[in-house]
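Hi,

Here is the structure I promised to pass on to you. Have a look at it first, and then read on for what turned up when I went through it.

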Amino acid sequence: LKRAAPAADCPDSEALVSCCIPARDEAGNLEACVRSLLDGGHQRIEVLVCDDESTDETPAILARLGEEDPRVRAVGTRPLPEGWNGKQHACQRMGEAAEGSWLLFTDADVRFERGWLRRTLSETRDRPRLGLLSAFPHELTGSIGEALFVPMIHVLLLGYLPMRGMRTTLQPAASAGCGQFLFVRREAWTESGGHAAFRDSMHDGIKLPRSIRTAGWQSDLVDGTDLCRCRMYHGFMESFRGFAKNGYEGLGSIWILLLITVIHLVGHLLPFGVLAWCLATGTWLEVATPISIASVVMMLGL
């Protein structure tokens, strides 16, 4: 993954960008997110917020932001239709209401760095078939429990995503994305069916890139650690529940989930178990012990 060019090296763009934030009880996050979006180094921007029946101060904050800056506007609340996930319904409605040629779908707990939009638009230049550009933010952790889980996002991404296949084919399975940063060309979003194409899903970071590719458009990733930052979860249990919720749907198949589980048990845990058994019993296994030693050395050394 490469980083986007510095803002000073990025040319101006005439594109209008619509940033879409689904918000439910986000009083502690919304204003900071909106202000960071507007500080993107690109003037042609609008920020749409869909308030999903919040019970806190989110509606009041949104109204104040809209009064202060006409580029911020609310997309009115509607009852959730049957068969829809709440976030996908909000994103679909914002996409339909947006006026931009590019749409950014993000979350209220993401904070964007200065110049992020100018840099992102630069990565789309001279790529007429690029339908979606995604980035994984700098994921912040504030506890040991979070630190055990959250960094594995990048380990899994770099260890299992076929980068060459992602950039040279349109295979849906060779794609990836992050729901915190989905920058999509409006034409590609419309042709792929928008968020309605996966209306009952929780995993837009997986589903939208696959949908875009199925419609014949390319998708790509950049290193987003200097474009934006986010603290996904707070504490061990919240992290565990969050990753468990998305694990199955992210892989898309129970058989792939079982296969990867077996591979990890055999490849990552069994060598330690074999060595522990050898040390406890004083036994040297002619084949298993040297293989386990080599596996452990490679895991810890690479």
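**The cavity**

The largest cavity has a volume of about 70 Å³. Please keep in mind throughout that this is a predicted model. With a threshold of 30 Å³ or more, the structure holds 1 cavity. In general, empty space of this kind shows up when a probe the size of a water molecule is rolled over the atoms.

If you want to select the lining in your viewer, the residues around the largest cavity are C50, D51, D52, T77, R78, L80, G86, H89, A90 and R93. Two elements each supply at least two residues of that lining, namely β2 (45–51) and α3 (86–97). Helix α3 provides the largest share, with 4 residues. By character, the lining residues of the largest cavity split into 4 charged, 3 polar and 3 nonpolar.

**The chain as a whole**

For orientation, the chain has 12 helices and 8 strands. Its C-alpha trace spans about 75 × 45 × 40 Å along the principal axes. There are 302 residues in the chain, and 46% of them count as buried.

**Salt bridges**

Side chains of opposite charge can pair when their charged atoms come close. In this model the count of salt bridges is 18, and here are some that I would look at.

Let me begin with R114, which forms a salt bridge with D39, with 3.1 Å between the closest N and O atoms. R114 sits in the loop between β5 (110–112) and α4 (116–122), while D39 sits in the loop between α1 (30–38) and β2, so this pair ties together parts that are 75 residues apart in sequence. Are the two partners buried or exposed? R114 counts as exposed because its relative accessibility is 69%, where the cut-off for exposed is over 50%. D39 counts as partly exposed, at 35% relative accessibility. The backbone also comes together here: the C-alpha atoms of R114 and G40 are separated by 5.4 Å, although these residues are 74 residues apart along the chain.

The next pair is D204 with K87, a salt bridge whose closest N and O atoms are 3.2 Å apart. This one links distant parts of the chain, with D204 in helix α9 (residues 204–214) and K87 in helix α3, 117 residues apart. Helix α3 is also the element that gives 4 residues to the lining of the largest cavity. D204 is buried, with a relative accessible area of 3%, whereas K87 is partly exposed, with a relative accessible area of 22%.

Then there is R127, which forms a salt bridge with D220, the closest N and O atoms lying 3.0 Å apart. Here R127 is in the loop between α4 and β6 (130–139) and D220 is in strand β8 (residues 218–230), so the pair ties together parts that are 93 residues apart in sequence. R127 counts as partly exposed at 28% relative accessibility, and D220 counts as buried at 6%. Apart from these pairs, R3, R119, D223 and D226 are joined into one network by salt bridges that share partners.

**A nonpolar patch on the surface**

Which residues form the nonpolar patch on the surface? They are I144, L148, F236, M237 and F240, and together they have about 550 Å² of accessible area. The elements that give two or more residues to the nonpolar patch are α5 (144–149) and α10 (236–251), and α10 gives the most, with 3 residues. From the other helix, take I144 as an example: I144 is placed in helix α5 and counts as exposed, at 69% relative accessibility.

**One more contact**

Finally, have a look at T169, in the loop between α7 (163–168) and β7 (182–185). T169 is partly exposed, with a relative accessible area of 28%. Measuring from C-alpha to C-alpha in the model, T169 and Q218 are 8.1 Å apart in space and 49 residues apart in sequence.

Happy to talk it through whenever suits you.

Best wishes

Note on methods. Residues are numbered from 1 along each chain as its sequence is written. This is a predicted model: local features need pLDDT of at least 70, side-chain atom pairs count only at pLDDT 80 or more; totals for chains, interfaces and linings use all residues. Side-chain values use heavy atoms; hydrogens and water are left out. Patches are made of residues with over 30% relative accessible area and no salt bridge: like charges are joined within 9 Å, nonpolar side chains (Val, Leu, Ile, Met, Phe, Trp, Tyr) within 5 Å. Accessible areas come from the Shrake-Rupley method with a 1.4 Å probe; for residues, only the protein chains shown count as cover. A salt bridge is a side-chain nitrogen of Lys or Arg within 4 Å of a carboxyl oxygen of Asp or Glu. Buried means under 20% relative accessible area, exposed over 50%, partly exposed in between (1.4 Å probe, protein chains only). On a 1 Å grid over the protein atoms alone, a cavity is a set of points where a 1.4 Å probe fits but cannot get out, and a pocket is an open set with protein on both sides within 12 Å along at least five of seven lines; lining residues have an atom within 4 Å of a point. Grid points are joined across faces, edges and corners, and a volume is the space filled by probe spheres set on the points. Ala, Val, Leu, Ile, Met, Phe, Trp, Tyr, Cys and Pro count as nonpolar, Asp, Glu, Lys and Arg as charged, and the others, Gly among them, as polar.
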